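The exercises below lead a newcomer through one protein chain, from its overall layout to single residues. Please work through each task with the structure in view before reading its solution.

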Amino acid sequence: MASALRVLGIDPGLTRCGVGVVDVARDRSATLVHVGVVRSATDLPIEQRLAAIAAGIRAVLHAHSPDVVAVERVFAQQNRNTVMGTAQASGIALLLAAEHGLPAATHTPSEVKAAITGYGAADKLQVQTMVARVMRLDALPQPADAADALALALCHAWRRGPAAPDAAASLTPAQRAWADAERAATRR
């Protein structure tokens, strides 16, 4: 794919961090480059778990040289421990993107589901099925964390990649409000 955008999608998590690399052409067709899950043992101290996640993401960055990194935005979860681990893994992913000089973006789960399935409340199986269909895979990507990482990469390329004539114009009102709030926060 001569003019493809290579996107590393990351579904952050402390126990399982999904990683997926796709090449997406201007016509929105996609080719799988890599998919996997970086794991950390639950019995390790937090700093070692984060180091394991960082090492796994770093290995994918070095092996596949993406153009951009897309990370699931921590939006809302009921379990405080889960949201903390997800936020910490997300921070590691964004830090590594910056260290590698790569642009990074975050997308909410509902934004990703809507981009992939056309329905913002799609379930895991629907996302896996559409990712497999779009990428012409023989089987559903497993586990769901890996499929979510591929979905993130596709969502980013489709919404903000080379096919988007004006990325700012294609944002929803909620996405524009979030982007405005992020810009305001960085000026402080």
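## Exercise 1: The overall layout

The protein chain contains 6 helices and 5 strands, and the model that shows them is a predicted one.

Task: Describe the order of the helices and strands along the protein chain, and then state what share of its residues is buried.

Solution. Step one is to read along the sequence, where the elements of the protein chain follow the pattern β-β-β-α-β-α-β-α-α-α-α. Step two turns to burial, and here 44% of the 188 residues in the protein chain are buried. Step three looks at the outside, where the protein chain exposes about 9500 Å², with carbon and sulfur atoms supplying 54% of that area. Step four considers contacts with a separation of 6 or more, of which 60% are between residues 24 or more positions apart.

## Exercise 2: Confidence in the model

Task: Find out how confident the prediction is for the protein chain, and name the stretch over which pLDDT stays under 50.

Solution. The mean pLDDT of the protein chain is 87, and 81% of its residues reach 70 or more. Against that background, residues 161-169 are the stretch where pLDDT stays under 50, and for these residues the model has 10 contacts beyond four places in sequence.

## Exercise 3: Two helices that pack together

Task: Determine how α3 and α5 are oriented towards each other, and which residues bring them into contact.

Solution. Begin with the geometry: α3 and helix α5, which spans residues 144-160, pack at an angle of about 75 degrees, and their axes are 9 Å apart. Angles of 65 to 115 degrees count as roughly perpendicular, and α3 and α5 are therefore roughly perpendicular to each other. Next come the residues, where Glu111, Val112, Ala114, Ala115 and Ile116 of α3 meet a group in α5 that includes Ala151, Leu152, Cys155 and Trp158.

One of these residues deserves a separate step. Glu111 sits in helix α3, which covers residues 109-117, and with a relative accessible area of 6% Glu111 is buried. The side chain of Glu111 is joined to that of His107 by a polar contact of 2.8 Å.

## Exercise 4: Three buried residues and their contacts

Task: For Gly36, Leu96 and Ala149, give the element that holds each residue, and list contacts that lie beyond four places in sequence.

Solution. Gly36 belongs to strand β3, residues 30-39. Because buried means under 20% relative accessible area, Gly36 counts as buried at 18%. Beyond four places in sequence, Gly36 touches Cys17, Gly18, Val19 and Ala146. The C-alpha atoms of Gly36 and Val60 are 9.4 Å apart in space, while these two residues are 24 residues apart in sequence.

Leu96 is part of helix α2, residues 80-99, and it counts as buried at 1% relative accessibility. With neighbours within four places left aside, Leu96 is in contact with Ala54, Ile57, Arg58 and Leu61. For the last pair, Leu96 and Leu61, a separation of 35 residues in sequence goes with a C-alpha to C-alpha distance of 8.6 Å.

Ala149 is found in helix α5 and is buried, with a relative accessible area of 0%. Its contacts, again without neighbours within four places in sequence, are with Gly9, Ile10, Asp11, Gly18, Val19 and Gly20. The C-alpha atoms of Ala149 and Val131 are separated by 10.0 Å, and the two residues are 18 residues apart along the chain.

## Exercise 5: Backbone details in the loops

Task: Locate the cis peptide bond that involves Pro143, and describe phi at Arg28 and at Ser65.

Solution. The cis peptide bond joins Gln142 and Pro143, with omega about -10 degrees, and Pro143 is placed in the loop between α4 (124-134) and α5.

Arg28 lies in the loop between β2 (16-24) and β3, and although Arg28 is a residue other than glycine, its phi is positive, near 75 degrees. With a relative accessible area of 40%, Arg28 is partly exposed.

Ser65 is in the loop between α1 (46-64) and β4 (68-72), and Ser65, which is not a glycine, has a positive phi of about 45 degrees. Ser65 counts as exposed, at 52% relative accessibility.

Technical notes
Residues numbered from 1 in each chain as written. Predicted model: local features only at pLDDT ≥ 70, side-chain atom pairs only at ≥ 80, totals over all residues. Heavy atoms only, no water. Helix = DSSP H or I, 4+ residues; strand = E, 2+ residues; numbered from the N terminus. Buried < 20%, exposed > 50% of the residue type's maximum accessible area, 1.4 Å probe, protein only. Contact = heavy atoms within 4.5 Å. Areas by Shrake-Rupley, 256 points an atom, 1.4 Å probe, with all protein chains shown as cover. Polar contact = N/O pair within 3.5 Å; in protein donor to acceptor, adjacent residues only side chain to side chain. pLDDT = per-residue confidence, 0-100. Axes fitted to C-alpha atoms, helices over the stretch in contact; angles between N-to-C directions. Parallel < 35°, antiparallel > 145°, perpendicular 65-115°, else oblique.
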